[in-house]
Amino acid sequence: MSKSEQDDLPRHEGPETSVKSEHDASRREALLKMGGLAASVAPAMLVLTSGNASAVPACDNPAWNLGLQRAGHSGC
Amino acid sequence: MPAPSSSANPASLAELVNVGESFCLFRRDNHALALLNDSAATMLASSFDGLDTSRFEPRDGRAHPSKKIDGASPCTEALMTQLRSEGFLAAPAPHRPCLPLLPEPHLGHSLVLDEVYRFADGPPVRLKCVDEQLAGLLAAALTPLRAAESAAHEIDMLVSSDERSFGVWRQRVAIATGLDRVTARRICLQAMSMALLPPDGIAALLHASCVALQGRALVLAGATGSGKSTLTMALVGIGATYLADDLTPLHRSGKSVLSFPLAASVKSGSWSALQAYFPELQDLETYRVGELRVRYVDPSPAGSAPVGTGNVAVGALVFPAFTPGDSETSLQRLTPEEALSLLVGSGSEVVGANRSIVPLTTFLNETPAWRLAFPDTASGLQAVQKIMGAP
């Protein structure tokens, strides 16, 4: 049984929800695993999701309440 | 640890919340999310306008420092630069009304799917779709929730298409447009979950499958192709209660999940492994999505498997990884920070009218999380049963 055969339906992940690259994923995992973030004395931050890719207007569109705006643009 | 609550200040622009040994900063409007250490969190707590710190407790018990960030430290400058560049400090967008789009977006197309769906005591939802292939996928997934034909509906959903793309609409207002077919399927099912389930009860939609073992929910989360649906259905096959496949709603308490029993999508690579549990698999219609072949299994008909309803307290969170080349099963405990990173990285999202990260961090702080690498279904089953303390 190959792994590709087991794939779920392919899903489009927005750039801000997907891991940008294997390098980023490895760096993130290493930092978390070693406890480097919590242990650092200097201010340290690890961004999991950028806010730039989803410029969310505050509007009455119920779509924004669904958290779905990353998949496309709204009708407003 | 801050007490779990869904009553975080909805007026705040962002939240600072404890998670594991670290903290997370979450912007409600643009979903920006970061993990911070104690030093960064303490600094931000006193300098970030509109930051809700009611769920923030510094590790060393210090009161929030009174002085503002002076920008003198290179570390502080670097932190602020990163916050700015990643959208954490952006001004809130101005509010603007959203009007329904006219004319009817499916004008000129004939409807291929026109069904009413309902789950438990939620509102009936009418779903219409103009694309034949997409209609087949949606209808197959939503089969367990199909209502009587005569049911009056309260919410209208529509999947439209033009020559190039698809759009998903709710009450004639666009949720998303410009989608490919596969994305439209995902968005539509997410939107259907939000329409069918109690709107105030859901705090996050987890990209996860879920079963109940001995009254506690086992959440199998993670990336596409990890084997979570296969493990879920194998567990159902040996008596676990089916709760959800691929889309698991997290209750606002952060302590339980809601059942949302869509038909489970079983990919061709899993058909042989699951055939013993679901003999009907071989007779089900096959749907093609790109290179993939999928069959949808409804575990509920004829009482073949129990299906849960309502809230189920969470017992464990597992990120499976199907590794057919390995000879042994590997089980590794994850920190809440690691689990948060994996959840967000694989498509789980905070939702709700007053989006708050608190239920999700409550879930992660109080739920043991594991990474499970398994070479075959039997090994995976054994491992998750051990995690849940099942006999």
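Is B:Cys188 buried or exposed? In this predicted model, B:Cys188 counts as buried, with a relative accessibility of 0%. B:Cys24 is likewise assigned to the buried class, its relative accessibility being 0%. A disulfide is a covalent bond between the sulfur atoms of two cysteines. The search for such bonds covered the whole structure and returned 0 disulfides over all chains. B:Cys188 accordingly takes part in no disulfide, and the nearest cysteine sulfur, which belongs to B:Cys129, lies 7.2 Å away. Because a disulfide requires the two sulfur atoms to lie within 2.5 Å, the separation of 7.2 Å between the sulfurs of B:Cys188 and B:Cys129 does not qualify.

Helix packing was examined for α1 (residues 38–45) and α2 (residues 74–85) of chain B, whose axes come within 12 Å and cross at roughly 70 degrees. The arrangement of α1(B) relative to α2(B) is therefore roughly perpendicular, since angles of 65 to 115 degrees fall in that class. The contact between α1(B) and α2(B) comprises 6 nonpolar residues and 1 polar residue, with no charged residue. On the α1(B) side, the participants are B:Ala40, B:Met43 and B:Leu44; these meet B:Thr76, B:Leu79, B:Met80 and B:Leu83 of α2(B).

Chain B also contains an open sheet of 5 strands, arranged in the order β6-β7-β8-β9-β10 with mixed pairing. Its edges are formed by β6 (113–117) and β10 (173–179), each of which pairs on one side only. From one strand to the next, the twist averages 10 degrees. At the β10(B) edge, the partner is β9 (residues 166–170) of chain B, and the two strands pair in the antiparallel sense over 4 bridges. Within this part of the sheet, B:Arg170 is positioned opposite B:Val173 of β10(B).

Backbone conformation was considered next. Most residues other than glycine have a negative phi. Positive values occur in B:Gln214, where phi is near 50 degrees, and in B:Asp246, where phi is about 75 degrees. B:Gln214 is located in the loop that connects β12 (208–213) with β13 (216–221) of chain B, whereas B:Asp246 belongs to the loop between β14 (241–244) and β15 (248–251) of chain B. The two residues fall into separate accessibility classes: B:Gln214 is exposed, with a relative accessible area of 54%, while B:Asp246 counts as buried at 10% relative accessibility. The assignment of B:Asp246 follows because its value of 10% is under the 20% limit for buried residues.

Key: Residues are numbered from 1 along each chain as its sequence is written. Chains are lettered from A and ligands numbered from 1 in the order in which they are written. This is a predicted model: local features need pLDDT of at least 70, side-chain atom pairs count only at pLDDT 80 or more; totals for chains, interfaces and linings use all residues. Side-chain values use heavy atoms; hydrogens and water are left out. Buried means under 20% relative accessible area, exposed over 50%, partly exposed in between (1.4 Å probe, protein chains only). Axes are lines fitted to C-alpha atoms, for helices over the stretch in contact, and angles run from 0 to 180 degrees between N-to-C directions. Angles under 35 degrees count as roughly parallel, over 145 as roughly antiparallel, 65 to 115 as roughly perpendicular and the rest as oblique. Contact means heavy atoms within 4.5 Å. Ala, Val, Leu, Ile, Met, Phe, Trp, Tyr, Cys and Pro count as nonpolar, Asp, Glu, Lys and Arg as charged, and the others, Gly among them, as polar. Two strands pair if DSSP finds at least two bridges between them.
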